Amino acid sequence: MKKSSYTEATKSSLKSSSKKIKSWVKIFNKKEKTVLYCAIFLFVFALAGWSVYYYFSSTKEVAAQGGEYTEGIVGKPIYVNPLLSQTNEIDVALSDLIYSSLFKYGKNAEIKNDLAESYQVSENKKTYTIKIKEDVKWHDGKPLTAEDIYFTVRLIQNPQFKSTLRSSFQDVEVEAVDERTVKFKLQEPFSPFLNKLTFGILPKHIFKNISSGNFLINEFNLKPVGSGPFEFSNFEKDEQDNIISYQLIANDEYYGQRPYLEQLNFSFYTSEKELIDAYNKKEINGFGIFSYDNIKQFEDDKTTRVKSFEIPRYFSVFYNQTKSKALSDKNVRRALSYAINREQIINEVFHGYAREVYSPVLDSFGKFSSNDEAEKYFYSTEEAKKILEEAGWEEQDNGIRVKTNDDEKIELKIALVCANWSPLEKSAEKIKKQWEEVGAEVEVKTLEINEVQQNYIKTRDYEALLFGQEYFGNDPDPYHFWHSSEKQDPGKNLAVFDEEEADKLLEEAREIHDVNKREEKYNQLEKIITEESPASFLFSADYVYIVNDKVKGLGTQSVTNPALRFQQINDWYINTKRVKKD
């Protein structure tokens, strides 16, 4: 009853106030009313504007949980298993999201702790003792312990399990000291060792009952159980039993920063054209691009970001002096290096997404060295011709240079082999024209990558080879590319380079942990290599990533491998919210 009386009194009071306002307004003429209404409107508008300004000036936009990201990739997964994944970029990418490792790479490709909470290196630099984080769980809820790490390494070392990582751990002893401590013992000091500890850890409780005979065909290679930021959810197949999509969901029990994104989807295609069509139809949010010619169409798209990552990889023309009398002359090799217009190749083939390289040496930050004491073969046809003429290579009427040695005429003819990746093919054709300008006759052989590897690289049966070499992790150790012990297959010394002082420097540098002292060794190595010119170093091409602008948090600047582009995935976000400023 009291409530009803109060309501009636309120209504009566409002009616009375309304009548008073109306009667008060009646005393104004039409012009005064217009002014009054405008003033009221301006007041309300200003108040609303000030409120909006105050809200935005006193708050900031931050990442919020939620949202899905869909990646498009050419190919399909085969082994989502870190012990088997190294030969397939898709497998590496998915394994990296699902499995944890002792160490991983930061946004500038620096090594940082993952499962490792701390580590110690013995005084003789041969023993690494690593303490892992507490309360780490597998995606099925079981605890992850040092025993899982020991078990994984032993699987890698067992030849029956055919791990692609086996060669990296053949001479390493491993021991699980307690539940949270694991110890690695090396035969000799090896400064890049932490890079080797970026492999994914397998759950012992799942794989201990899988025999070597079933290791390649067990269901967990496509339905993995890891401990990383994302866990396996589902995959779909087409009528031909090909996997066409793969889904991961955020791991709520992740020991690190929980991802903002709730779900990652991967859609698989057979060509880059299909990828681009899918992106334009908004079926996917991002993809890595293969053909640099296709980048331009996205650079002017306001809804798209073209993201490029530096990679510790360089491309060179490697000279096999044992297969060519002309190339056995150091003056010819030096002249050919001067004759290459790297800037033209970078601008016209890679559309600016590459950098000139003049040696195979990286500095301690993973950037290609700029040692001022080492010779730089900057583009100069005049210098190239001068070197050749002074070395006795005379230009004939047909434009081809010839040199006479002991009554033998040697023509400056070169067979250049390269894989049929479009940027390499185009680079090879430009190099051919540039070499022809200084008097060389050049034949370019473009072949399938498998044929190049099997029939040329494996047998070292080439005169000149246009190929790329990629460093392992972020470490600048070029041992495998330039030590004489690597001249024959399966070694990676593609220039068949054999120099005693270079071997010594390579052996000493990899045992030195002091960065500055190590760089001194590599500076000396660089001088030897550039002086001997066993290769013409060309460029380092970026990995280019096309991504929708709604995807934020991509702070990565460098990656050690394009497959590891998701190392900072926990920072990616689509949803946002506003919070009060500090």
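Helix H3, spanning residues 89–98 of this predicted model, is largely enclosed by the rest of the structure, because 8 of its 10 residues are buried. Buried here means that under 20% of the relative accessible area is left. The residues tucked away in H3 are Ile 90, Asp 91, Val 92, Ala 93, Leu 94, Ser 95, Leu 97 and Ile 98. So what does the covering? Among the elements over the buried residues of H3 are four strands: S2 (68–74), S9 (230–237), S10 (243–250) and S11 (263–269).

Further along the chain there is a sheet to look at. Strands of a sheet pair through backbone hydrogen bonds, either parallel or antiparallel. This one is an open sheet of 6 strands, with mixed pairing and the order S15-S22-S14-S21-S19-S20. Strand S15 (354–356) and strand S20 (441–447) sit at the edges; each has a single partner strand, so one side of each has no neighbour in the sheet. Going from one strand to the next, the twist averages 30 degrees.

Within that sheet, strands S14 (residues 313–319) and S21 (residues 464–470) run antiparallel and are joined by 7 bridges. One of the pairings involves Ser 316, whose bridge partner in S21 is Phe 467.

Two helices lie across strands of this sheet. Helix H9 (residues 330–338) crosses S14, strand S19 (413–419) and strand S22 (535–541), and runs at about 30 degrees to S22. Helix H12 (residues 422–436) lies across S14, S19, S20, S21 and S22, with an angle of about 165 degrees to S19.

Notes: Residues are numbered from 1 along each chain as its sequence is written. This is a predicted model: local features need pLDDT of at least 70, side-chain atom pairs count only at pLDDT 80 or more; totals for chains, interfaces and linings use all residues. Side-chain values use heavy atoms; hydrogens and water are left out. Buried means under 20% relative accessible area, exposed over 50%, partly exposed in between (1.4 Å probe, protein chains only). Contact means heavy atoms within 4.5 Å. Two strands pair if DSSP finds at least two bridges between them. Axes are lines fitted to C-alpha atoms, for helices over the stretch in contact, and angles run from 0 to 180 degrees between N-to-C directions.
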